[in-house]
Amino acid sequence: MRVLKNTLLAGALTLAVIAVPAMAQQKTGTTILGVTVLAESSLTVTDANTTLAKTDTLFGDFTGTTNLKYRIRTTASGGSGSIVAQVNEFTGNGPKVAADLSYSSTTGGLGTAVTNQAASTTGANVISFGPNARSAKAGNDAAVNWRLGDDPQFETGSYSSTVTFTVSAT
Amino acid sequence: MSLSLAHCSCVGLLAFAFQSPVLADSLTVTQSINVTLSPNGKLTVPSSITLLNGALAFSAFTAALPVLFRARTSESGVGSITVQATSDFSPAGGPSVNTGILTYTCAAALYGTACSGTQTIDTTSQRPVVNLPSNACTGGGRGCSPSDPASIDLQFRLENDVSIPTGTYSVQLTFTVSCT
């Protein structure tokens with residue numbers, strides 16, 4: 001009887017000693033970081049104001065350049081993107097947007113440019129992008145080269161318009 | 001009949017009387033208990049978290065990740081928790097940890113010394129999360145951590161590089177706790 005009690009007690013203590021290190025066996029843990037990257041775009045108009053000027057003073061065209069910097073990522077499969085310019089109408093008896101103002105664009109190495117595109121008060125493409133288009137990390141430089149015909153019908157004076165550029169990506 | 005019964009009862013009582021000294025026997029056993037508590041640690045992290053970006057275009061993807069840990073260090077020992085990318089993002093063609101695109105910062109640790117500054121995750125080196133002093137222990141305060149398990153929050157940041165193609169990517173991180 002005495003021997004048995006002692007054995008049981010010793011057995012219980014042995015179990016307790018083994019249990020302590022067993023609880024602390026886990027040394028590492030892992031986690032999975034997941035991320036979903038979607039189509040995105042951003043645009044900065046580098047030139048806040050663009051002045052149209054002429055070199056040929058005898059009814060030559062007025063020209064000027066607006067510089068843009070854009071970043072774009074379109075969906076790898078089936079995506080697209082664009083930069084669109086919407087030009088507000090000039091005021092007064094001067095030039096009219098649709099009739100007198102046009103532009104060509106440069107893309108900064110990505111997308112498709114336009115040539116002699118008539119300006120629009122409702123918006124027209126400046127650059128278009130296909131699927132999986134990805135600009136440089138710091139952005140790509142683009143430019144809009146404006147051309148305004150100098151019609152003798154224009155009254156003398158200064159005219160201005162606001163152009164809104166919109167970039168989008170899907 | 002009645003005498004017989006009484007006799008039997010007496011026999012029963014005698015038997016009980018013989019047992020009583022056995023039950024009342026007193027045994028003193030002196031048992032020496034020796035437990036060796038070695039430096040050790042364990043940690044728990046969420047099985048997965050999702051990095052999300054804000055409303056601004058090309059804003060970084062971020063997520064907070066809590067690390068729960070229990071640790072014991074020796075009188076002359078120290079402890080540490082580190083993190084390393086087990087492998088690169090998958091599928092291939094997306095972000096790569098070895099370009100320095102995935103970083104984290106440590107919130108102030110309630111116990112131990114949290115990492116300072118911005119740490120960059122890669123697949124080749126273990127980056128610090130928290131360092132523990134000698135005689136570290138978790139729970140109860142008074143030199144140990146105030147809570148058991150102790151915890152530290154990490155803020156992960158994945159740069160939203162425009163050159164990354166659209167898609168869903170994941171990377172596994174391994175956290176390691178070591179105590180001496």
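How many helices and strands make up the secondary structure of chain B? In this predicted model, chain B comes to one helix and ten strands. If you walk along the chain from the N terminus, you meet the elements in the order α-β-β-β-β-β-β-β-β-β-β. Chain B has 180 residues, and 29% of them are buried. Now look at contacts in chain B with a separation of 6 or more: 74% of these are between residues 24 or more positions apart.

Next, let's see what sits inside. The largest nonpolar core has 40 residues, and those touching the most other members are Val67(B), Ile81(B), Val129(B), Leu154(B), Phe156(B) and Phe175(B). Chain A chips in here too: its strand β1 (28-37) gives two or more residues to this core, as do β3, β4, β5, β8, β9 and β10 of chain B. The most comes from β10(B), with six residues. Take Phe175(B) as an example: leaving aside residues up to four places away in sequence, it touches Thr28(A) and Gly29(A) from chain A, along with chain B residues including Leu43(B), Val45(B) and Val83(B). Another core, of 21 residues, lies apart from this one, and Tyr70(A), Ile83(A), Ala85(A) and Val97(A) are among its members.

Over in chain A, there's a sheet to trace. Four strands line up as β6-β8-β4-β10 in an open, antiparallel sheet. The edges belong to β6 (112-113) and β10 (163-169) of chain A; each has a single partner strand, so one side of each is left without a neighbour in the sheet. For β6(A), the antiparallel pairing with β8 (residues 124-129) of chain A runs over two bridges. You can spot Ala113(A) bridging to Ile127(A) in β8(A).

Definitions and conventions:
Residues numbered from 1 in each chain as written. Chains lettered and ligands numbered in written order. Predicted model: local features only at pLDDT ≥ 70, side-chain atom pairs only at ≥ 80, totals over all residues. Pairing = 2+ DSSP bridges. Buried ≥ 20, exposed ≤ 12 C-beta atoms within 10 Å, placed from the backbone. Contact = placed C-beta atoms within 7 Å. Core = buried A, V, L, I, M, F, W, Y, C linked by C-beta atoms within 7 Å.
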